[in-house]
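User: I'm new to this structure and would like a close look at a single part, the surroundings of ligand 2. Could you walk me through that part and whatever connects to it?

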Amino acid sequence: MTSGVNPFRHFLLAGMVMVVLMFVLKFLAASLIEGEQLKPVLDWFGHEHQQSAGIQSETQSIPGHTNPVTPRSSVRYQWQALPDRPPSPMHNPWNKARAEVGKRLFSDTNLSLDRSVSCASCHDNDTHAGADGRPTAVGVGGQAGPRNSPTVWNSAYQQWLFWDGRAASLEEQAIGPLLNPIEMAMPSAEALVARVREDRVYIELFEQAFGSADAIGINEIVAALAAYQRTLITPDSPYDRYVRGDTSALNPVQLRGMALFEELGCVNCHSGPNFSGAGILANNSPWRIFPALDTPFEQQYQLTEDLGMAPAGSTKGVWRIPSLRNVAQTAPYFHNGSVTELEEAVRIMASAQLGHQLAQTASESEFVWSDDGYLIPVQRRTVTEQEVQAIVAFLESLSGELSHY
Ligand code: HEC
Ligand code: HEC
């Protein structure tokens with residue numbers, strides 16, 4: 001017995017070696033792990049996936065909402081989510097009471113000459129995402145204005161307002177429609193103040209908001225309207241959720257559209273969290289020539305009848321770069337509301353602003369003479385219909401619900 005081999009002892013030894021080996025392997029695996037490749041090994045050891053979870057959060061929750069798909073090594077466009085609250089100017093600090101007065105004023109038809117039109121007539125927050133669904137606006141007496149009603153949603157994030165960007169703040173903007181003869185047509189600021197004073201409810205509301213019983217003046221009226229509009233924001237669109245780290249918020253087609261939006265050059269103008277060079281958080285120039293290049297679209301949609309900010313004698317207009325948030329809900333498109341389909345708006349942008357050829361109309365190849373006398377092909381990227389659809393799918397991801405204030 002003493003000199004013989006004890007099979008039990010062998011078994012014990014082999015068992016101990018196994019345990020040590022497993023421990024070493026697990027340690028190695030945990031310290032070497034780089035991605036998903038070793039997950040099965042860890043699963044085998046009953047590991048809790050802490051490593052891979054850690055890797056995820058490292059790329060996805062960088063403060064400032066850095067895009068999770070941005071490769072670490074290259075300098076690429078930084079996708080940004082909308083901040084949860086827009087800033088207010090020093091002279092109009094935001095408070096709930098101001099926003100409440102503004103809300104009432106916004107849908108009060110007594111603020112128009114014939115008491116038939118309110119801000120909400122053209123900026124419908126219930127059914128048209130802050131726009132009106134019409135090609136151009138209709139004001140008092142059914143008069144049609146020359147321009148499309150843009151959405152007021154997220155306009156709190158715009159530095160320059162109106163299609164031509166002529167107003168520098170919501171406060172400055174609000175006086176426009178109130179006194180515009182074909183919008184609300186009030187004859188003067190005094191007449192407007194008198195109308196507001198007619199309604200006893202306002203006396204108390206203004207007192208709460210501005211701290212004085214005789215606080216109803218034109219400045220307070222526009223301040224309240226602006227405070228209300230600063231609540232009309234949509235910071236929780238699928239796009240925002242994606243950028244904040246929820247990788248399931250966009251589908252593969254939308255992601256392809258997002259990549260195309262960057263690759264084709266849309267981000268050159270529709271940049272920053274509000275997808276507009278005129279946004280308070282974008283560092284881009286707010287105005288651009290539109291349409292920048294000659295295309296048949298110009299004639300087809302009368303895009304150069306109104307020239308916006310362009311100096312007299314110009315052949316092309318100059319316009320503020322609009323935000324593209326909720327754009328899928330605010331057809332028809334452009335300053336004159338002449339385009340009803342978002343697909344068509346994307347085609348126009350790709351060709352008239354960026355010079356891409358469209359697959360529908362693409363010619364075989366184009367050549368130009370080089371300086372030294374050779375015919376060389378023009379390299380212009382062709383945008384296919386499928387790509388147009390993908391961009392539209394991405395733009396749809398910019399639609400969000402109004403946030404709850
Ligand atoms: C008759 C329709 C109509 C009414 C009423 C109206 N608006 Fe507008 N609104 C428009 C149109 C059209 C534009 C664009 C005008 C332009 O660019 O020249 C506009 C632009 C705006 C903008 C700028 C949005 C942007 O993206 O630049 C804001 C903000 C706005 N309106 C708020 C208001 C407020 C507040 C009221 C009520 C005091 C109001 N509107 C009343 C039609 C209307
Ligand atoms: C050179 C600057 C520039 C580039 C690049 C650009 N846009 Fe625009 N975009 C504008 C301007 C300016 C307008 C406003 C035109 C007007 O006044 O009607 C606009 C309007 C739009 C509109 C209509 C918005 C509305 O509410 O009616 C859409 C949609 C749009 N752009 C999408 C795109 C897409 C997609 C791309 C890339 C393929 C793109 N844009 C590239 C400047 C640009």
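Analyst: Here is a walk around ligand 2, followed by a short visit to ligand 1 and a residue between the two topics.

First, some ground rules: this is a predicted model, where local features need pLDDT of at least 70 and side-chain atom pairs count only at pLDDT 80 or more, while totals for chains, interfaces and linings use all residues. Residues are numbered from 1 along each chain as its sequence is written, chains are lettered from A and ligands numbered from 1 in the order in which they are written, and side-chain values use heavy atoms, with hydrogens and water left out.

Let's start at the metal. The iron atom of ligand 2 is held by His270, through NE2, and Met349, through SD, at 2.1 to 2.2 Å. (Donors are N, O and S atoms within 2.8 Å of the metal, or 3.2 Å for Na, K and Ca; water is not among the atoms, so sites may look incomplete.) His270 sits in the loop between helix H11 (252–263) and E1, and Met349 sits in helix H13, so the pair ties together parts that are 79 residues apart in sequence. Helices here are DSSP runs of H or I with at least four residues, strands are E runs with at least two, and both are numbered from the N terminus. The six donor atoms around this iron subtend angles of 86 to 180°, which makes the arrangement octahedral; that label asks for six donors with opposite ones over 155 degrees apart and all others between 65 and 115.

How covered are these two residues? His270 counts as buried because its relative accessibility is 9%, whereas Met349, at 22%, counts as partly exposed. The cut-offs are under 20% relative accessible area for buried and over 50% for exposed, with partly exposed in between (1.4 Å probe, protein chains only).

Now the wider shell. Ligand 2 has 22 residues around it, and Cys266, Cys269, His270, Phe334 and Met349 come nearest; a residue belongs here if one of its heavy atoms lies within 4 Å. Strand E1 (287–290), strand E2 (317–320) and helix H13 (342–353) each supply at least two of the shell residues, and H13 gives the largest share, four residues. By class there are 16 nonpolar, four polar and two charged residues. Nonpolar covers Ala, Val, Leu, Ile, Met, Phe, Trp, Tyr, Cys and Pro, charged covers Asp, Glu, Lys and Arg, and the others, Gly among them, are polar.

Some polar atoms pair up too. An N or O atom in the His270 side chain is 2.9 Å from a nitrogen atom of ligand 2. Polar backbone atoms also come in: one of Phe334 is 2.8 Å from an oxygen atom of the ligand, and one of His335 is 2.8 Å from an oxygen atom of ligand 2.

His335 leads us to Asp306, which touches Arg147, Trp319 and His335, not counting residues up to four places away in sequence; contact means heavy atoms within 4.5 Å. Asp306 is in the loop between helix H12 (297–300) and E2. Its side chain joins that of Arg147 in a polar contact of 2.8 Å, a polar contact being N or O atoms within 3.5 Å; within protein, one must be able to donate a hydrogen and the other to accept it, and residues adjacent in sequence count only if both atoms are side-chain atoms.

Arg147 then takes us to ligand 1: one of its polar side-chain atoms lies 3.0 Å from an oxygen atom there. The iron atom of ligand 1 has His123 (NE2) as its only protein donor, at 2.1 Å.

How values were computed:
Tetrahedral: all angles 85-135°; square planar, octahedral: opposite > 155°, others 65-115°.
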